[in-house]
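Colleague: I am new to this one. Can you take me through it?

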Amino acid sequence: MRICTETLIAAACLAAVPAAASARVIGTKHNLAIQRQNAAVPAASREVCAFCHTPHAPRVKKALWNQQMSSAVYKPYESSTLGAKVGQPTGASKLCLSCHDGTIAAGTVLKGRRAGSAKAWTLDRRKVLGTDLSDDHPISFRYDAALFGRDPQLVNPATLPKSVPLDANREMQCTSCHDAHDDKFGSFLVADNGRSALCTACHDMSGWRSSAHANSAARWSGAKDNPWPGSPYRTVAENGCASCHQTHAARHPERLLSRRGHDEVCLGCHAGTVAAANIEAAMSGPSAHRTIEAGDIHDPVEDPVKGMPLHVTCVDCHNPHDGGARSRTASAPHASMRGVSGVDAGGAFVKESRHEHEICYKCHGLDGRQPAKPRVLRIDDERNIRRQFDLSNQSFHPVHGKAPSSRATVLTPSHSSDRVIQCTDCHGNGAAKGPKGPHGSIFAPILRLPYSTADRTVESGSAYALCYECHDRTAVLYGATRFKKHADHVVKHRTPCSACHDAHGSQRNRGLINFDRAIVKPAAGSAAVSFVPAGRTGGRCYLSCHGAVHNPRTY
Amino acid sequence: MRARLCAISMAAAGAALACGCFGPDPAARAARSGARAEIVWPEPPDRARIRYVGSVESPADLGIETGVLSRAVRLITGRDDGRFVRPHAVAAGGGLLAVADPGAGGVHLFDTVRNSYAFVPGASGGSFGSPVGVAVWGENVFVSDSERNIVALIDRQGAAVREIGGGAGLRRPAGLALGEGGELYVADAGNHRICVFSIDGAMLRQFGGRGTGPGQFNFPTNLWYDGLRRRLFVADALNFRVQVFDPSGAFTGAFGEPGDRPGYLARPRGVATDSDGNVHVVDALFDAVQIFNPEGALLLGYGRRGADAGEFWLPAGIHAGSDDRIYVADSYNRRVQIFAYLH
């Protein structure tokens with residue numbers, strides 16, 4: 001093979017290239033020459049470049065069938081962006097992909113061996129998404145002011161660091177993150193990616209810098225599978241984006257997640273493996289938000305008001321990129337739920353929830369569709385929980401706003417009636433230890449404390465512990481309320497609180513009175529069950545319960 | 001002085017490049033004229049040697065109707081029914097067109113005899129990680145998986161038969177070719193050698209080794225066996241040449257050198273011979289196919305960078321049928337283009 005002439009020409013043209021580039025390649029995998037070159041032998045090192053930098057051919061070869069071909073010269077790895085479509089790599093990326101196709105070099109670079117429930121032989125292993133290299137980071141696109149205007153979670157291209165270059169056409173290419181000559185950071189990266197410094201050079205997710213995932217020093221406990229196989233970093237903060245995302249050959253192509261199924265991405269660390277709280281265990285309770293059933297339905301741009309299939313995944317309530325400290329009002333979401341969309345008290349979709357209940361209303365506050373049937377069917381059968389708490393109702397637990405009257409509530413000394421409560425004041429994990437949120441509980445429906453709704457329950461401090469946490473038991477049972485017959489009904493006749501009271505709100509009656517249809521029946525001859533207030537503190541009940549007819553009974 | 005010559009030739013080259021890499025391009029001329037003109041290479045007055053026939057992007061292009069079964073296939077493979085993601089290798093025989101698609105993680109089998117389409121995501125050992133080579137021989141379809149380092153044998157319907165080469169220590173097996181008597185040549189790219197297996201999976205012999213001399217390789221990627229002339233062609237990618245062997249592995253000749261002009265090779269990929277023994281070599285960086293005569297002299301080049309008919313974007317594998325139909329896997333245009341070689 002006559003390589004000498006070509007080498008001379010290559011040398012002449014490479015005279016402009018700093019000798020340092022060729023010297024660095026020699027020690028790396030991109031040194032494709034047969035004899036491992038000694039860096040001290042400059043003449044031989046030119047051969048290393050020719051594998052990617054096609055040398056200029058010195059002679060013309062006549063094409064015997066085509067007289068006009070002879071004078072043509074190629075620009076093998078330069079490419080005009082004119083006419084290139086999405087999925088057609090341009091510029092330097094074309095050169096990389098001409099070897100990284102699975103034959104000379106790995107086709108999908110950095111193919112992960114992440115653990116997950118992906119079965120070895122599933123027919124839907126790859127989704128054919130469209131025209132892009134779907135499971136790899138996108139390349140060959142213009143990263144300019146227009147793109148930055150459309151996507152505020154990107155860094156302004158004018159302020160990109162010099163180590164992350166765009167090509168001559170202001171496009172992002174393989175060469176923005178990789179320098180094929182230099183392997184000093186590993187994987188031929190242009191910069192060290194500890195704490196995801198390389199990712200965050202372009203990606204500016206709001207709230208990231210103060211979020212738990214960016215700052216946590218938590219390590220793998222050794223249980224189950226290593227969430228960061230092949231990574232040199234040991235803590236969550238150092239792995240940064242790589243805890244959930246995979247740049248090449250991502251298991252879950254949309255959003256380049258490293259595991260299939262949104263909840264698997266989270267449970268890789270939040271199942272007693274890295275994070276302190278074991279969410280997976282919490283969700284295995286009899287009453288739970290079972291995220292595993294959602295599969296792959298979740299779409300970050302979904303709008304529950306406009307219509308979406310009801311589902312719950314981790315990211316419906318949590319924003320893994322956010323979690324920064326902001327001013328905390330009484331009803332603001334917990335730090336782990338900042339930056340999450342919601343449906344406000346009026347029923348409108350909001351991009352960032354200011355109140356915790358707005359997050360819950362994405363599923364529990366919709367008209368016409370509810371994720372679950374209520375445990376107790378009531379006279380006033382409003383199923384939309386958002387409407388149950390509406391401030392125009394006759395009575396309500398103060399979630400949307402403060403309650404108007406304070407005397408009827410008989411709260412325990414540690415609670416003040418001049419406050420607003422949240423969904424998670426009642427709903428949460430029933431276990432003594434474990435994560436506090438409403439992931440799952442032994443008490444249905446995902447309650448923090450026991451709350452019996454069965455008729456003939458024997459009254460005790462623990463039977464209605466949820467109510468007694470705020471409403472003083474002695475005061476309720478033994479006379480401090482307007483209704484003096486609580487002990488008679490609850491203790492003597494063993495009626496549960498829920499027979500008469502609705503824990504959320506009552507549109508028609510004060511005192512959260514909204515009878516349980518299964519326990520409270522209409523009195524014979526009377527049209528329906530009803531409660532009519534009598535004066536400021538009294539009332540009349542028209543109903544039949546435990547065989548006792550109230551037609552009416554007055555207090 | 002040399003710099004000035006360099007600049008002048010670059011300017012001339014730029015002018016030449018402006019009108020297409022292989023002379024005024026027939027595809028461009030057809031597009032400009034607006035008429036559905038025939039796309040041939042070379043342009044008149046030279047005698048036409050290659051004619052563009054069509055391209056395959058999905059089963060419908062081959063007249064395979066999508067019935068109930070195919071609707072189920074659509075559900076499994078995703079939105080685009082049978083659409084290629086990144087086709088890398090192509091093989092045809094007996095009415096079957098097989099396309100290895102590492103982007104989709106499997107092999108597409110288009111059977112124009114039974115009028116059926118199947119997408120095969122895996123074989124006996126599991127799903128395909130990186131199916132980059134395919135060969136067809138009667139009822140047998142061979143698929144090389146450069147990630148799992150095996151060659152899978154499946155039948156025309158896609159059912160797995162066996163795996164070959166598991167114990168041979170293959171490292172990134174890529175190109176496949178079928179020799180006489182059902183011998184399977186496998187380009188073991190990572191080990192820089194060619195392995196020969198029997199159809200039962202026994203390794204018969206191997207030859208090669210890393211080097212620049214005759215019979216040595218630096219990442220051999222694609223293979224082609226010319227049954228008529230009993231010659232094996234090997235695309236020796238990083239030696240920028242095509243080497244020719246007899247069936248036993250004895251070296252008989254080579255041609256090619258690196259360069260950026262017609263007649264040189266920049267990133268040679270697929271190689272095939274037509275019925276006259278001319279060697280078609282696909283070049284991924286030129287986005288074209290070059291034809292050499294058996295002595296290695298350049299005859300013609302066809303194709304240029306682009307997405308229209310007769311244009312390529314990082315083309316990969318090539319297959320020349322006995323009917324002189326030439327199939328080229330046009331990977332980043334997500335299609336297989338078909339040309340006719342005119343005697």
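What follows is a short exchange on cores, domains and backbone details.

Modeller: One caution before we start: this is a predicted model.

Colleague: How many residues does the largest nonpolar core have?
Modeller: B:V134, B:V143 and B:L176 are among the residues with the most contacts inside this core. Strand β11 of chain B, residues 150-155, gives the most to it, with 5 residues. The core also draws at least three residues from each of domain 1 (4-66) and domain 2 (130-276) of chain A. Its total is 132 residues.

Colleague: How many residues are in the other core, the one with A:I279?
Modeller: That core lies apart from the largest one. Its members include A:Y361, A:I446 and A:Y468. The count is 37 residues.

Colleague: How many residues does domain 1 of chain A bring to its contact with domain 2?
Modeller: Domain 2 of chain A brings 4 residues. The domain 1 side has 3 nonpolar, 2 polar and 1 charged residues. Domain 1 therefore supplies, by the definition of contact used here, its share of the pairs within 7 Å. That share is 6 residues.

Colleague: Which residue does a cis peptide bond join to B:W41?
Modeller: Omega is near -15° there. The partner is found in the loop between β1 (40-41) and β2 (50-56) of chain B. It is B:P42.

Colleague: Is A:S140 buried or exposed?
Modeller: A:S140 sits in the loop between α4 (91-97) and β1 (141-142) of chain A. Its C-beta has 26 others within 10 Å. The cut-off is 20 or more, so A:S140 is buried.

Key. Residues are numbered from 1 along each chain as its sequence is written. Chains are lettered from A and ligands numbered from 1 in the order in which they are written. This is a predicted model: local features need pLDDT of at least 70, side-chain atom pairs count only at pLDDT 80 or more; totals for chains, interfaces and linings use all residues. A nonpolar core is a set of buried Ala, Val, Leu, Ile, Met, Phe, Trp, Tyr and Cys residues joined through C-beta atoms within 7 Å. A residue is buried if 20 or more other C-beta atoms lie within 10 Å of its own, exposed if 12 or fewer, and partly exposed in between; C-beta atoms are placed from the backbone. Helices (H or I, at least four residues) and strands (E, at least two) are DSSP runs, numbered from the N terminus. Domain bounds come from an automatic or database domain assignment. Two residues are in contact if their C-beta atoms, placed from the backbone, lie within 7 Å. Ala, Val, Leu, Ile, Met, Phe, Trp, Tyr, Cys and Pro count as nonpolar, Asp, Glu, Lys and Arg as charged, and the others, Gly among them, as polar.
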